Amino acid sequence: MKMSEGIVLKRRVRFFMLAVVLLIISLIMIYPLFWTLVTAFKTNRELFLDPWGLPANPTFENFFKALDRGNMGTAVINSLIVSLGSVAIISVIAPMAAYATSRVEFRFRGAVTNLLIAGFFIAPHAVLVPLLLLLRDMGLVDTHVGLILSYVGWHLPFAILFMKAFFVSIPSSLQDSARVDGLSKYSMYRKIMLPLALPTILTVAIIMFIGIWNDFLFAFIFLRSPSNFTVPINLLNFTTGRYGNDYVAQSAAVLISAIPTIVLYIVFAERIRRGVAFMAFGR
Amino acid sequence: MSLPALVFVILFIYYPLVQMFYLSAFRWNFVNPNMVFVGLENFTRMFLNDQVYLRSLLNVVLLAGQSSAIQIPIGVALATIILRYRRIGGLFWAIIFLPYVISSVAVSLIWTWMYNPYFGSINVFLRAVGLGFLARPWLGDINTALIAIFGTVNWIYIGLTTTMTIATLKSIPPSIFESARIDGLSGFQEFRKITLPLLKELIVVLMIIDIAGAFKFFDLIWVMTQGGPSDSTHVTTTWLYRAAFRSSEPGYGAAIGVTIFIFSFVIVQLLIKITRSRLTR
């Protein structure tokens, strides 16, 4: 009797210690975000006098300032155009390529597959100079179209890799019976494969949207005029120049920038984590 | 059916990639587009005369090394805990993954404020507990800037490492654990005989991701320090950006790009080949 009580006690102590460790790590993860949230409702004077204090008169003024004078309103619209545009093109093209390279026999299929996927392992940072020259030659520097096309090109490899894992898993008996029914490869794709693939396409679309919404590099290199800026580059722009010391308004801008992806994460947490974890196995 | 995708990747990935090798042999600037052929001069300059480039390579190695050394053990430990205590584990998992969905620019700004010498929480905390003598401008101090950046890196990516580990552990069929229990294996034996061999493969994969990731690292450093103080926190990508677009030496930038491509792509592919053959043997 006594011994089992000892074991129970030991387990409880161990569980308690573990809970404390998890709590401390959670606090470290949450604290910077919480601090930014509180700061966004303060005045700059309050921030410097008491960095840990709560706002005396919390207002949304910082948010309005960020949206209006901070250009965040325009940036959010630009980011929506660019992200949704890129995701739409990827969602049409990637499943087609993934289906063709996993389910249709054609010449050079192996080479085509490698070409489509190998881009996943290449750092876009390496080719910034020739990529900018390419967009210049196409007349697409400082345009949303140029940005969208670049995002599509560089996000396709992961999207295709992810979709291929799905198409490979479909039993071939399904395909065979459809072929007996006399369906061509296009109508088989449209009528049978595409409806089956929709949940996977949604996962890819969400992950691509978050990645493109958050992307800094391409926007930083290709965009010039603030009226075209997407959210991340506009955020950086807001911290320099006239509003460089307006930290409370910048905090509000940071929160505005993060709201869409955090909402997506709350709704689709499981999907997003599964998709992101795939990166480890995609290799 | 794969033609549209093929057109996109060839035009935006492979065409610039090939052109990068060609451009790396020239010297010119964006204002005066007269290209002068210089052969391998950009590369000899990089490895023989450019101290900042060499420093940026060292920083990439440090970044990959510290990411592997810190994130992998913590990630594996957290993954095991989350899977063991499902109820609080689920909430905890949701929390530690959160930074990964926020843009790197937003995260960099938040941490720049954490490290701010006047209102930054780290200095405020140090002063509050009587360690005020340790307070400093973390990102402006040449001794702490890189470490401060690494702290933020681990804060962002610990959730990702944990998530990848959880996905790997979940892929083990539960029947294996059942039969292990029937065979009378203890919890620790179970970890050593079943979980650990599986994790070995994962650890190699995570290390490869860390190496490739270090060569793709740009946003955080550009926003937090722009490579400073005294060019001590540059990585290869930020130095490429500075050379190509700030100093207007696109040829030199293309040459740095060639080294990034070779170091990340080629070395990573070799690593994958070596580990695959060793793991399947």
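**Notes on the A/B model: pockets, cavity and interface**

1. Helix 7 of chain B makes the largest contribution to the lining of the second largest pocket, with 6 residues. Bear in mind throughout that this is a predicted model. The pocket holds about 580 Å³ of space, and 24 residues line it, with Ile28(A), Trp111(B), Ile122(B), Gly151(B) and Trp155(B) closest to its centre. Helix 1 of chain A gives two or more residues to that lining, and so do helix 3, helix 5 (104-114), helix 6 (121-128) and helix 7 of chain B. On class, the count is 20 nonpolar and 4 polar, with no charged residues.

2. Now the largest pocket, at about 790 Å³. Its lining has 21 residues, and those nearest the centre are Thr80(B), Leu83(B), Arg84(B), Phe177(B) and Glu190(B). Two or more residues come from each of helix 1 (2-39) of chain A and, in chain B, helix 3 (51-84), helix 7 (145-170), helix 8 (174-182) and helix 9 (187-215). Helix 9 of chain B has the largest share here, 5 residues. The lining splits into 12 nonpolar, 3 polar and 6 charged residues, whereas the second largest pocket has no charged residues in its lining.

3. There is enclosed space to look at too: the whole structure has 3 cavities of 30 Å³ or more. The largest cavity takes in about 1500 Å³. Of its 50 lining residues, His125(A), Met279(A), Tyr100(B), Tyr157(B) and Lys216(B) sit closest to the centre. The lining comprises 34 nonpolar, 11 polar and 5 charged residues.

4. On to the interface. Contacts link 81 residues of chain B with 84 residues of chain A. The two chains bury about 7700 Å² between them, and 82% of that is on carbon and sulfur atoms. On the chain B side, helix 1 (residues 3-23) gives the most, with 16 residues. That side of chain B has 66 nonpolar, 11 polar and 4 charged residues.

5. What about polar links across the interface, and how many residue pairs are in polar contact? The rule finds 10 such pairs between chain B and chain A, both residues being at pLDDT 80 or more. Salt bridges across the interface come to 0.

6. Over all chains, the structure does hold 7 salt bridges. One to check by eye is Arg273(A) with Glu270(A), where the closest N and O atoms are 3.9 Å apart. Both residues belong to helix 12 (residues 247-282) of chain A, and they are 3 residues apart, about one turn of the helix.

How values were computed:
Residues are numbered from 1 along each chain as its sequence is written. Chains are lettered from A and ligands numbered from 1 in the order in which they are written. This is a predicted model: local features need pLDDT of at least 70, side-chain atom pairs count only at pLDDT 80 or more; totals for chains, interfaces and linings use all residues. Side-chain values use heavy atoms; hydrogens and water are left out. Contact means heavy atoms within 4.5 Å. Buried area is the accessible area (1.4 Å probe) that two parts lose on being put together, summed over both. A salt bridge is a side-chain nitrogen of Lys or Arg within 4 Å of a carboxyl oxygen of Asp or Glu. A polar contact is a pair of N or O atoms within 3.5 Å; within protein, one must be able to donate a hydrogen and the other to accept it, and residues adjacent in sequence count only if both atoms are side-chain atoms. Helices (H or I, at least four residues) and strands (E, at least two) are DSSP runs, numbered from the N terminus. Ala, Val, Leu, Ile, Met, Phe, Trp, Tyr, Cys and Pro count as nonpolar, Asp, Glu, Lys and Arg as charged, and the others, Gly among them, as polar. On a 1 Å grid over the protein atoms alone, a cavity is a set of points where a 1.4 Å probe fits but cannot get out, and a pocket is an open set with protein on both sides within 12 Å along at least five of seven lines; lining residues have an atom within 4 Å of a point. Grid points are joined across faces, edges and corners, and a volume is the space filled by probe spheres set on the points.
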